[in-house]
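Visitor: Could you show me how to read a few features of a model with several chains, giving the general idea before each case?
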Amino acid sequence: MEELIVFVVTLAYAMANLALIALGLAIVFGMMRVINLAHGEFLMLGGYAVVLSINNGINIWLAMLVIAPLTVGAIGILVERLLIRFLYGRMIDTLLATWGLSLLIIGLITVIFGPQTPSGALTAPIGSVQVGARSISGYELFLIAMTLGSLALVYGVLRYTKLGLLARGTMQRPDMAAALGVSTSRIYMATFGFGSAMAGLAGGLLAPIVGVLPTIGAAYVAKAFITVISGGAAILAGTGSAAVLLGGVENIVTQLTGPTMGAVALLLAAVVIIRLLPQGITGRFFRRSL
Amino acid sequence: MALAQKRERQRERRRQTVVETRGLTMRFGGVTANQDVDFALEAGELRCLIGPNGAGKSTFFKCLTGQLTPSEGSVAIRDIDVTGAEPHDIAGLGVGIKTQVPNVFDGLSVEENVWLSARRTHGADRAWAMTAETVERVRLGDIRRRAVGTLAHGQRQWVELGMVMAGEPWLVLLDEPAAGMTDEETVFTAELIREINRTASLIVVEHDMNFIRAIAGRVTVFHRGRVLMEGTMDQVSADQTVRDVYLGHKH
Amino acid sequence: MTRDRGEDARLIALAVLAIAALLILPGTLDFSTAYGLISAIPMALLGLSLGLIWGYGGILCFGQTAFFGIGAYAYAVWAVNFGDTTGAVVCAIVLGAAFAAALGYFIFYGRVSDVYLGAITLVVTLVLLQVMRRTSGPEYKIGDALLGGFNGTGAPPMRVPWDTGTMLIGPPLLYVSLGALIVCYFVCVAITRSHFGRVCVAIRENETRAELLGYDARLYKLGLFAIGGGLAALAGVLSGLAVTRVTPELFNLKNAATAIILVIVGGRGTLIGPVIAAFGIFYLQKSLGSQQTVNLDLVLGALLIGFVLLLPQGLVPAVMTLVLRRSGRRRDFKATRRGRRPGRAATRTGRGVDRDLQAAE
């Protein structure tokens, strides 16, 4: 029984981790058909926002849940205005330019804060939980809850707010939305900002576990990229289904044979998905979902 | 008796069927674009497929060229079953294909476009000779070094016809070869098609009646995904049903 | 195309220049430049391999470093186990090409689109990076070669094939690297001018049309991708030899980005572009030195963004158009530019224009 609980929690965390990392990228890809290769760096910036806040005596919860998403959201809006908006409809060029942006951010952060972690004061604010003789990380449980919360938040924003409605309309028929007097430009900006904020939140939440380094983005971007591409265009259904599938495969293989084969299994599963479903999972299934 | 049999067999061979479809049906979701099409083309024939918009001629054409795989039924070219084959397999049988939208290599020159077709089946030197000859035949000799992307619409159509010709096909499938052309250009295109017909059997999808009269040949009328009738242009245009569904709203 | 006198002349001039550089350079360079060049040349070769498949086949591979790293590891493993470095180089190239072919089979026969191709290849190289980092410990070994995790494994120096007692280190390695780059460059030129290469360009221009002519686009792309993989693997071998070590960092995002940057900066659709760009970036890196205010990531990132936004065709094509304009054909050039709009061209036919376009290609 204890074994089972530990197994289920680890499995759920692997899935939640992928979903959390990918969500911001999925919003931007699903709504705007833009793949932001600097997404990993946005998470990294979220982590830096948390560390700097703590170093300045700010409460860690405030730093993770408010400051990180707001800071990175603002940076996202800036990036959209200065770079992304010139490249709409040019998917490949956007990929390349955001890749450049990723290097640029790594370079900037290294110049400002140096190549090492700026603080060791960052530790997970929740201890472990005892399950019989085994213990599981309380912070991982918290992250699972936060992931579900983030998914619910995105659902709520897309489904029930005016911004969500306008955004969905604009993404499907930019010409019609413009004819109705909606400023497409503003909607794109807000959407990109929202996606960036979610990336900042994820980066902030993961910082206590993963650590903070200028180059940490590389560890995120591959996972996020592969989850979003495998999931397809539907933001929540795509991210959710891909995270469950890929996270499940990775974690089960990891628990059986160790992390090396887990990473390989994750890749193979993704390659097989893309080979069988070139438009991602939601290109074939749950097409009408959000 | 033996002699009569031999003659019979010879006649049969001359009338050999080169393209045949049986029960060809194509559905897209709930829409049926082609329903039970039985079609046969004899060697040396020039056949036009006509019909009002949405009659299923272009879908049928795409099933022949391998761009679509029919939902049911079969396609055979010279008795080889090509149902579901890839376009390059079909082209590899010696079939020249021109699609509805001009499909050319915009970044390459006229010469290179044609050369790529000739070179597939011939050595380098022979391919160059054929390219030069073909470029003249489609009257693009003066601009043979120009990038095809810079040419006018009619010229691009001829580049594509030149590519078809340079492949020395024995069967040619053309989808609206005169679309968007001026009257003058259309006349020359008709001339080219008759020339191709000297060495190859042809299927031409077209809805310009004057063009069809100019290239003559037999006509198959499509209507609502089925073959409505076959015959000469005169027979077809005299038929009351055809007039109702197709020509009717014109006159 | 095979019948362009101007291009022939340019190529011969380039060959003479390259051989002269090969003879003169290694003797005249100071130690640090020579040593730096030994590390820069593999990047040039990696850029060349991407320039070939992206520029001439339209295959946007973000993870060219996958083959780069695999080549390096293959060399090290073979050389450690058999002691024969010539066979190790061959093994590396073959393995790189074979891995590319296997990956390409999935991609091209699955009709995976551009963006997804980039995604898959990038993820492949990053997964290889993570996997190789975890191979520390005595249980991870192939034959006698320990893979060594983070620290990687030693790359035994190359030996002269006909005189296996002589090791190629220091200046001789520079000769070997530069020679390999030159040979590979001309091999690539030959490929792009062959029937195979022209068909690849045709497929890049219009895949449907190429298929309708009877060319199996998937097979041609697979072939080109495999050649690119083999070249990248050779680049990896040289890169490992340069530092006498093969580490997982060969697979990293920075190298993958550098390959892309070389092609973007040098220009898509040229082979010399990525090579020139590689030497340019080497020079840049050298002049930035070890100072802390501006680092290479920053510069590379800014370069990539700048070129995508402002000069998407890349340096070499831009310079070539500029030279054409300067050489007294300004009017004709403008006519060409206007003529490029389809539909209006018929009224602007002129022989000068034809010649210009030909020269521009």
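Guide: What follows goes from chain contacts to paired strands and then to a single residue. This is a predicted model, in which local features need pLDDT of at least 70 and side-chain atom pairs count only at pLDDT 80 or more, while totals for chains, interfaces and linings use all residues. Residues are numbered from 1 along each chain as its sequence is written, and chains are lettered from A and ligands numbered from 1 in the order in which they are written.

Visitor: Which chains have the most contacts between them?
Guide: Two residues are in contact if their C-beta atoms, placed from the backbone, lie within 7 Å. Of the two pairs of chains that touch, A and C have the most contacts, whereas chains A and B do not touch, their nearest C-alpha atoms being 14 Å apart.

Visitor: How many residues does each chain bring to the contact?
Guide: Chain A brings 35 residues and chain C brings 37.

Visitor: How do I read paired strands?
Guide: Strands are DSSP runs of E with at least two residues, helices runs of H or I with at least four, both numbered from the N terminus, and two strands pair if DSSP finds at least two bridges between them. Here β3(B) (residues 46-50) runs parallel to β8(B) (residues 201-205), joined by four bridges, and Leu49(B) stands opposite Val205(B).

Visitor: Is Leu219(C) buried or exposed, or in between?
Guide: A residue is buried with 20 or more other C-beta atoms within 10 Å of its own, exposed with 12 or fewer, and partly exposed in between, with C-beta atoms placed from the backbone. Leu219(C), in helix α9 of chain C, is partly exposed because 14 other C-beta atoms lie within 10 Å.
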